[in-house]
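Let's take a walk through this structure together, one piece at a time. Keep the view open as you read, and turn it whenever a new part comes up.

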Amino acid sequence: MDALDPERLAADLAALGGRGRCWVAYSGGLDSSALLHALTLAPLTRPLGAIHIDHGLQPAARAWRVHCREHCRALGVRFVARALALSPPPGESLEAHARAARYRAFGRVLGRDELLLTAHHLDDQAETLLLALLRGSGVHGLAAMPGCAPLGRGRLVRPLLGVSRSQLLDYARRHRLDWIDDPSNEVLCHDRNLLRHQVLPLLRTRWPAAPTTIARSAAHCAEAAALIDRQAGHDLAAVAGAVPGSLSVAALAGLECAARRAVVRLWLRRQGFSVPGRARLERIVTELLAARADASPVVAWRDCEVRRYRDGLYALTPLPMMPDEVLRWSPGAALILPQGLGELQVTGVEVALEVRFGVGGQCRPRPGGSRRSLKKVFQEAGVAPWLRPLVPLLFVAGTDRLVAIAGVCGCHQRDAGASGRLRWSGHPWGALGVFREICEVGRATGGLGAQ
Ligand SMILES: Nc1ncnc2c1ncn2[C@@H]1O[C@H](COP(=O)(O)OP(=O)(O)OP(=O)(O)O)[C@@H](O)[C@H]1O
């Protein structure tokens, strides 16, 4: 039987259940050309399609897209192409950026119950484990690529992880396939290419089954990683903090170190953040946990900041800069805040308003109650010091009359000049449940003295 057997492919896919379209990630290279061809011969229970991503990085990119479209037409397969406009942020490699953008584009194409099939094979799996090993990864990294994982509304499936590159080449030659050779696959300054062209061939001269045995190690690591995650899932439930999505510092400190690290890794992954390297992870489970209650420690990396407030540990997308402008606001229209801080809407207020950030002052949160410093009000509302400079403070325009702290409370005072309701929506911390969506705008309390 062929290593790349259409009947077996169909059976493997049928075992996944469902009837949504099965999309091949079709670059036009040898591997995905062989996969697509084999699938056209397979008795599939799902309709077949092909997606090509045009990264626009090589002069020939347009010609590749045309090649893929023509081949799909000849095979009678539905074809979709997506062009990417890539601009990697400073510090991120073009390859990593292109890969992330590619998977985002795949994710957007996938409908509910649909599958995306990539042509990753046995040698790719061995290379992935070796790359992880050279980065010093633990079992999660050494598990390399899973055969099936969620992607967008569907799933990412790698049906060729048991098939070697030479078997794919045999298949392609036997069926006289026509594929594209991407010259960037030959460039030895890319780590993966160096492993592919020099390291693995050398290993195979001594250990001919090296790719197979290395890929087997990846499967052992995947099993170990799943067991660790299962235990970490139980621990995670036990150390959940009072605020949704946070962890309790005291409960986490009660776990032994390896369990703490496993919990933090799982906690970050479940929230869609990347897992930091060992040094940062160590700082989270030691420094952050040991910090004084009034300190504002932070451990930050590419897409995430882990911060502490009181007994809670929070994972957040990096906090925006504090807006330094005063925003004039005529009630009636919504006010779009800068830095992705969401939107304010006010009802019942007639006078012109102003929004400021990060200023001090005093507020009377309850009519007839005493005045308190903003710091005190924030403390009572449980707003962490690192969030406070980003909370919109509402003033009557051109005055120092503070009438509301968005998401927290109204400020009541005689001659407030404004009273109504303030809605703050669309800010990035909705899931934390720290801020109320609606709060009052200060109203006159009578006889208590202006602020
Ligand atoms: N431009 C593309 N359009 C559609 N599918 C692609 C494209 N590039 C790669 N793929 C899919 O991804 C598989 C792996 O490709 P490749 O080995 O070049 O990826 P990589 O850059 O190493 O990253 P990763 O392995 O994480 O996808 C291919 O077999 C193919 O199925």
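**A guided look around**

Start with two strands that run side by side: strand 13 (residues 343-347) and strand 20 (residues 420-425) pair in the antiparallel sense, and five bridges link them. Bear in mind as you look that this is a predicted model. If you'd like a landmark in this pair, find Gln 345, which stands opposite Arg 423 in strand 20.

Now zoom out a little. The pair belongs to an open sheet of four strands, ordered 12-13-20-21, with antiparallel pairing. Strand 12 (335-336) and strand 21 (438-441) are the edges here; each has a single partner strand, so one side of each is left without a neighbour in the sheet. As for what holds such an arrangement together, strands of a sheet pair through backbone hydrogen bonds, either parallel or antiparallel.

There's another set of strands to visit. Strand 8 (residues 298-301) and strand 9 (residues 304-309) run antiparallel and are joined by four bridges. The link from strand 8 to strand 9 is a hairpin through two residues. To see how they line up, look for Val 298, whose bridge partner in strand 9 is Arg 307.

Strand 9 then has a further partner. It pairs with strand 10 (residues 312-316), again in the antiparallel sense, over five bridges. Here Tyr 309 sits opposite Gly 312 in strand 10. These two strands also form a hairpin, with two residues between them, and Arg 310 in the turn has a positive phi of about 50°.

Next, the ligand. What surrounds it? The shell is made of 14 residues, and the closest are Ala 25, Ser 27, Ile 53, Thr 118 and Ala 119. Helix 2 (30-40) and strand 2 (48-54) are the elements that give two or more residues to this shell. Strand 2 gives the most, with three residues. By character, the shell divides into five nonpolar, five polar and four charged residues.

One stretch of the chain here also carries a label from a record. An unreviewed UniProt entry has the annotation "binding site" on Ser 27, Gly 28, Gly 29, Leu 30, Asp 31 and Ser 32. Let's look at two of these. Ser 27 lies in the loop between strand 1 (22-25) and helix 2. Is Ser 27 buried or exposed? It has 22 other C-beta atoms within 10 Å, so it is buried, since the cut-off for that is 20 or more. Leaving out neighbours within four places in sequence, Ser 27 is in contact with Ser 32 and His 52.

That brings us to Ser 32, which is found in helix 2. Ser 32 counts as buried too, because it has 24 C-beta neighbours inside 10 Å. If you again set aside residues up to four places away in sequence, Ser 32 touches Val 24, Ala 25, Tyr 26, Ser 27 and Ala 119.

Finish with a helix. Helix 9 (residues 210-238) has 29 residues, so at 1.5 Å a residue it should span 42 Å, and its end C-alpha atoms are indeed 42 Å apart. Which of its residues are buried? They are Pro 211, Ile 214, Ala 215, Ala 218, Cys 221 and Ala 232. The buried residues of helix 9 pack against four other helices that you can pick out in turn: helix 5 (122-135), helix 6 (139-142), helix 8 (191-206) and helix 11 (257-270).

Key. Residues are numbered from 1 along each chain as its sequence is written. This is a predicted model: local features need pLDDT of at least 70, side-chain atom pairs count only at pLDDT 80 or more; totals for chains, interfaces and linings use all residues. Two strands pair if DSSP finds at least two bridges between them. A residue is near a molecule or strand if its C-beta atom, placed from the backbone, lies within 6 Å of it. Ala, Val, Leu, Ile, Met, Phe, Trp, Tyr, Cys and Pro count as nonpolar, Asp, Glu, Lys and Arg as charged, and the others, Gly among them, as polar. UniProt positions are given in the numbering used here, feature names are shortened, and annotations may be inferred rather than shown by experiment. A residue is buried if 20 or more other C-beta atoms lie within 10 Å of its own, exposed if 12 or fewer, and partly exposed in between; C-beta atoms are placed from the backbone. Two residues are in contact if their C-beta atoms, placed from the backbone, lie within 7 Å. The expected span of a helix is 1.5 Å times one less than its number of residues.
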